[in-house]
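User: I would like to go through this model slowly and learn how each descriptive term is justified. Could we look at it together?

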There are 2 protein chains.
Amino acid sequence: MSSDLTARARIRDAAIKLFAERGVDGATVRDIAQEAGVSSGLLRHHFGSKEGLRDACDEWALSELTKISGRFTDFRTLDGLTPRVMLLQRYLIRSTMDGSPTGAAIFDRMLEYGEQWLATTDLKVADPRAFVAVLSVMKMSMFTMRDLMSRALGADVTEPAAWARMLQASLDLFSQPLITPEQALQARAALDRLAAEAGEDAS
Amino acid sequence: MSSDLTARARIRDAAIKLFAERGVDGATVRDIAQEAGVSSGLLRHHFGSKEGLRDACDEWALSELTKISGRFTDFRTLDGLTPRVMLLQRYLIRSTMDGSPTGAAIFDRMLEYGEQWLATTDLKVADPRAFVAVLSVMKMSMFTMRDLMSRALGADVTEPAAWARMLQASLDLFSQPLITPEQALQARAALDRLAAEAGEDAS
DNA sequence: ACTCCGGCTACACGCTTGTGTAGTAGGCTG
DNA sequence: CAGCCTACTACACAAGCGTGTAGCCGGAGT
């Protein structure tokens, strides 16, 4: 299938796949080497270390995604949402959660884009920074919680069909208010009370 | 501070803290023992194995949370949202993501509660199951993505102040539609096109 | 007073991890 | 043809992991 690629490329692909599946710590050098059909020593030869491999994967995934769509962080660009692209996104998010500096930088850029987008809307937002952060994190969660989502839907959300079902649901979710203004006010008041208590405790 | 507790209880607390922080695989038996101020052998003596310890933590966290509020999965019950409760929730969610059967069962119950709640509203939802699943996963993401959230806000969201800021933002987010019906329709159409393509490929 | 048992520690074992090293095959370049 | 650099493998190493075992200690039961 992809055995006509360079060994180096095969290692990279295998690493992205396994890192995305099991996390950076969960995927071992030997597993990646076996998945790529090479010895574990070759991995070290090409990438220096596991950390080096992760960096290379970060860089490559980022460049591939930006090559496809200039602002890949905006998930409204649904065209070209191939399984391959989904995998790359899933990898980058996972790598970010596992402490990748590249990922952190990407997250910062997501926030930046998000704040720009927010400025174009007429949404009433008290704390834009927090708003965009929460929104970003929630969008990412559909990637990170793959197992739970699959369990809930009874289908692997890596497959386009279940994936589409999930995105449809997210559209339902974002196109209408889930709580009434009164409920929001109530909750807000409760939060303020909580914050006041915390303040007292601290003093 | 909590050194007047049983050694067994101290181990449990230390495990919950470290599991929540670093994940089940990331926290080692020796680290937990040291955090609790005991030998690693005692851990085995009381809980049999690391897996046994995790099970005990799951069970305890669940019972503590249900003791506080019958339906703790509903995060609208803000009263009594102490740092302790936040930690327990964070632990359970993390444990769930790391493959805990107890956690999976809890997630199922969350979905059940969610669908009941959804029935009481007049929201237009095409796929209730997927809707509730996405919503649940998104709520959980505020716990799981602690590091990224803290980075975005410039403050530790484990602290009540930043935590409240985050929840306020989530209220903003859920109390108004983020995309217009037209945008939703457009996106929906794009998704259908995508699904159709995928169907063709499969045939 | 003796025993016994549960809480508790110290230490060792086997395994897996990432990494380091030595060496081989093969296609360039002189 | 000789030299050599690069891709690549096989094997060894130290460290850290979860787990297993042997034994110490003090208080309760008889």
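User: Which oxygen of DNA strand C is paired with an N or O atom in the side chain of Lys50(A), and what makes this a polar contact?

Analyst: Before the answer, please keep in mind that this is a predicted model, in which local features need pLDDT of at least 70 and side-chain atom pairs count only at pLDDT 80 or more, while totals for chains, interfaces and linings use all residues. Residues are numbered from 1 along each chain as its sequence is written, chains are lettered from A and ligands numbered from 1 in the order in which they are written, and side-chain values use heavy atoms, with hydrogens and water left out. The oxygen is a phosphate oxygen of DNA strand C, and it is 2.7 Å from an N or O atom in the side chain of Lys50(A). A polar contact is a pair of N or O atoms within 3.5 Å (within protein, one must be able to donate a hydrogen and the other to accept it, and residues adjacent in sequence count only if both atoms are side-chain atoms), so the value of 2.7 Å qualifies.

User: What other atoms of DNA strand C are in such pairs, for instance with Arg30(A) and with His46(B)?

Analyst: For Arg30(A), a side-chain N or O atom is 2.8 Å from a base nitrogen of DNA strand C. For His46(B), the partner is a phosphate oxygen, at 3.3 Å from an N or O atom of the side chain.

User: Which residues are closest to DNA strand C, and how many surround the strand?

Analyst: There are 15 residues around DNA strand C, and the closest are Thr28(A), Arg30(A), Arg44(A), Lys50(A) and Ser39(B). Of the strand's atoms that come within 4 Å of the protein, 60% belong to sugar and phosphate. A residue is called near a strand if one of its heavy atoms lies within 4 Å of it.

User: Which elements supply the surface near DNA strand C, and how do its residues divide?

Analyst: Helix 2 (29-36) of chain A and helix 3 (40-47) of chain B each supply at least two residues, and helix 3 of chain B gives the most, with 4 residues. The helices are DSSP runs of H or I with at least four residues, strands are runs of E with at least two, and both are numbered from the N terminus. The residues of this surface divide into 5 nonpolar, 6 polar and 4 charged, where Ala, Val, Leu, Ile, Met, Phe, Trp, Tyr, Cys and Pro count as nonpolar, Asp, Glu, Lys and Arg as charged, and the others, Gly among them, as polar.

User: What does the protein do at DNA strand D, and which atoms are paired with Ser39(A), Val29(B) and Arg30(B)?

Analyst: A polar side-chain atom of Ser39(A) lies 2.9 Å from a phosphate oxygen of DNA strand D, and a phosphate oxygen of the strand is also 2.9 Å from a polar backbone atom of Val29(B). Arg30(B) has a polar side-chain atom 2.9 Å from a base nitrogen of DNA strand D. Helix 3 (40-47) of chain A and helix 2 (29-36) of chain B are the elements that give two or more residues to the surface near this strand.

User: Why are Ile32(A), Ala33(A) and Ala36(A) said to lie on the same side of helix 2 of chain A?

Analyst: These three residues are buried (under 20% relative accessible area, with exposed meaning over 50% and partly exposed in between, for a 1.4 Å probe and protein chains only). They cover an arc of only 100° around the axis, taken from the directions from the helix axis to the C-beta atoms, and therefore they are on the same side of helix 2 of chain A. The face turned away from the buried side carries the exposed residues Arg30(A) and Gln34(A).

User: Why is Glu35(B) called partly exposed, and which residues does Glu35(B) touch?

Analyst: Glu35(B), which is in helix 2 of chain B, has a relative accessible area of 40%, so the residue is called partly exposed. Not counting residues up to four places away in sequence, Glu35(B) touches Ala14(B), Lys17(B) and Leu18(B), contact meaning heavy atoms within 4.5 Å.

User: How do you know which relation links chain B to chain A?

Analyst: Chain B can be laid on chain A with an RMSD of 0.0 Å by a turn of 180° and a shift of 0.0 Å along the axis, the copies being superposed by least squares on the C-alpha atoms of residues with pLDDT of at least 70 in both. That is the relation of a two-fold axis.
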